[in-house]
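Student: I would like to learn how to read the features of a structure like this one, taking the general idea before each case. Could we begin with the model in view?

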Amino acid sequence: VTGELPQVVDLRLLGACNLRCPFCFGPRHEIGPRNVERFIELVQRLPALGVRAVVITGGEPTLVRALPRLLATAKRAGLRTVLSTNGTRLDRRLDDIAPHLDWVGLPLDADRSERNAIMRPGPARQFDDVVEVIPRIRREHPELRIKLGTVVCALNRDWVVPLADLAAGSLAPDVWKLYQVEASGYARDAWSKLELGDDEFDAVLDRASAAAARHGVPVTAYRRAERSGKYLFVEPNGDAMAVAGTDERVIGNVFADLASVVRVWQRHVDVDRLEGNVAATYPGV
Ligand code: SF4
């Protein structure tokens with residue numbers, strides 16, 4: 001295969017997750033990690049196609065046993081690596097994966113554990129896990145950079161500004177990103193209780209940014225209206241997916257026919273928007 005792909009590609013290894021967030025935008029939870037070996041083959045081919053970095057995501061990617069091998073293969077191939085995880089299983093896997101990682105993305109969606117559990121329901125104590133693992137990362141893997149992400153919706157709109165002192169102050173991530181909830185994936189089913197308008201999102205963003213600025217942490221935003229063309233996802237079954245308006249569109253399958261995805265992706269992905277988004281979310285990746 002010759003030609004180019006975007007400089008950054010998001011690989012959704014699976015849909016399965018140990019949490020049940022009402023706003024989940026990932027693949028359906030019943031989809032397991034069926035194609036990990038094919039993803040491992042894929043990452044070896046990506047640098048020759050101009051890809052610079054991969055974002056490994058899901059579902060919850062730490063549920064994948066072969067995750068360290070996938071990351072190590074990506075690094076050996078010359079890629080920069082980002083892991084997007086809910087953080088509940090990071091403590092036990094950190095030493096295996098951190099050596100192969102440049103960035104880790106972790107979520108926190110409220111200022112207190114019991115409120116956060118409304119956003120991130122499940123058996124795990126996600127709030128406590130994230131609050132505990134970040135200092136450990138700083139201590140033991142100081143070269144690993146951290147993006148903290150917060151989904152803002154009608155459920156937690158009043159809990160985000162109070163989160164700023166912890167999110168930007170004590171935890172001191174390299175970036176704090178606020179995401180306006182959007183009606184994709186599972187969020188479609190729960191939209192009536194999640195929806196948050198543009199003005200309401202901007203109001204939260206302004207106040208959270210001002211609070212974070214006092215701690216010197218940059219805040220970046222993901223607005224629903226600006227989503228189009230910003231990503232190229234690979235789904236667990238290999239489908240390449242681009243974002244078109246509020247929809248996600250399959251543009252080919254990287255396992256079945258990588259060459260055809262290489263041929264058509266530029267019609268569906270806006271390179272400047274994708275690059276701008278990556279530069280703000282994972283600076284230097
Ligand atoms: S949003 Fe993330 S953590 Fe929550 S259910 Fe979906 S994949 Fe899991």
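Tutor: Let us start with a term that we shall need for packing: contact means heavy atoms within 4.5 Å. Helices (H or I, at least four residues) and strands (E, at least two) are DSSP runs, numbered from the N terminus. This is a predicted model, in which local features need pLDDT of at least 70, side-chain atom pairs count only at pLDDT 80 or more, and totals for chains, interfaces and linings use all residues. Residues are numbered from 1 along each chain as its sequence is written, and side-chain values use heavy atoms, with hydrogens and water left out.

Student: Which parts do the buried residues of H2 pack against?

Tutor: Buried means under 20% relative accessible area, exposed over 50%, and partly exposed in between, with a 1.4 Å probe and protein chains only. In H2, seven of the ten residues are buried, so by that definition the helix is mostly covered. The buried residues are Leu67, Pro68, Leu70, Leu71, Ala72, Thr73 and Ala74, and they pack against H1, strand E2 (53–57), E3 and H3.

Student: What follows H2, and what is the sign of its phi?

Tutor: Most residues other than glycine have a negative phi, and most peptide bonds are trans. H2 is followed by Gly78, whose phi is positive, near 105°. Gly78 belongs to the loop between helix H2 (67–76) and strand E3 (80–84), and with a relative accessible area of 57% it is exposed. A positive phi is also found at Ala172, a residue other than glycine, where the value is near 45°. Ala172 is in the loop between helix H6 (160–170) and strand E6 (175–180), and its relative accessible area of 34% makes it partly exposed. As for the peptide bonds, a cis one joins Gly58 and Gly59, with omega about 10°, and Gly59 lies in the loop between E2 and H2.

Student: How many aromatic pairs are there, and how should I read their geometry?

Tutor: Rings of Phe, Tyr and Trp (its six-membered ring) pair if their centres lie within 6.5 Å; planes under 30 degrees apart count as stacked, over 60 as edge-to-face and the rest as tilted. By this rule there are five aromatic pairs. Phe39 and Phe255 have ring centres 5.2 Å apart and planes at 80°, so their pair is edge-to-face. Because Phe39 lies in helix H1 (residues 36–45) and Phe255 in the loop between strand E10 (247–253) and helix H9 (258–264), the pair ties together parts that are 216 residues apart in sequence. Both partners have low enough accessibility to count as buried, Phe39 at 0% and Phe255 at 15%. Tyr222 and Tyr231 make a tilted pair, 6.4 Å centre to centre with 50° between the planes, and both of these tyrosines are buried. Tyr179, Tyr222, Tyr231 and Phe233 form one aromatic cluster.

Student: Where does the charged end of Arg12 sit?

Tutor: A charge sits over a ring if NZ of Lys or CZ of Arg is within 6 Å of the ring centre and within 35 degrees of the ring normal. The charged end of Arg12 sits over the ring of Phe233, 3.9 Å from its centre, and that of Arg28 sits over the ring of Tyr186, 3.9 Å from the centre.

Student: Which side chain of opposite charge is nearest to Asp239?

Tutor: Lys and Arg count as positive and Asp and Glu as negative, while His and the chain ends are not counted; a salt bridge is a side-chain nitrogen of Lys or Arg within 4 Å of a carboxyl oxygen of Asp or Glu. Asp239, in strand E9 (residues 239–244), is buried yet has no salt bridge, and the nearest side chain of opposite charge is Arg12, 9.9 Å away.

Student: With which side chain does Asp239 make a polar contact?

Tutor: A polar contact is a pair of N or O atoms within 3.5 Å; within protein, one must be able to donate a hydrogen and the other to accept it, and residues adjacent in sequence count only if both atoms are side-chain atoms. The side chain of Asp239 makes such a contact with the side chain of Asn253, at 3.0 Å. Similarly, the side chain of Thr85 makes a polar contact with that of Glu60, at 2.7 Å, and Thr85 counts as buried at 4% relative accessibility.
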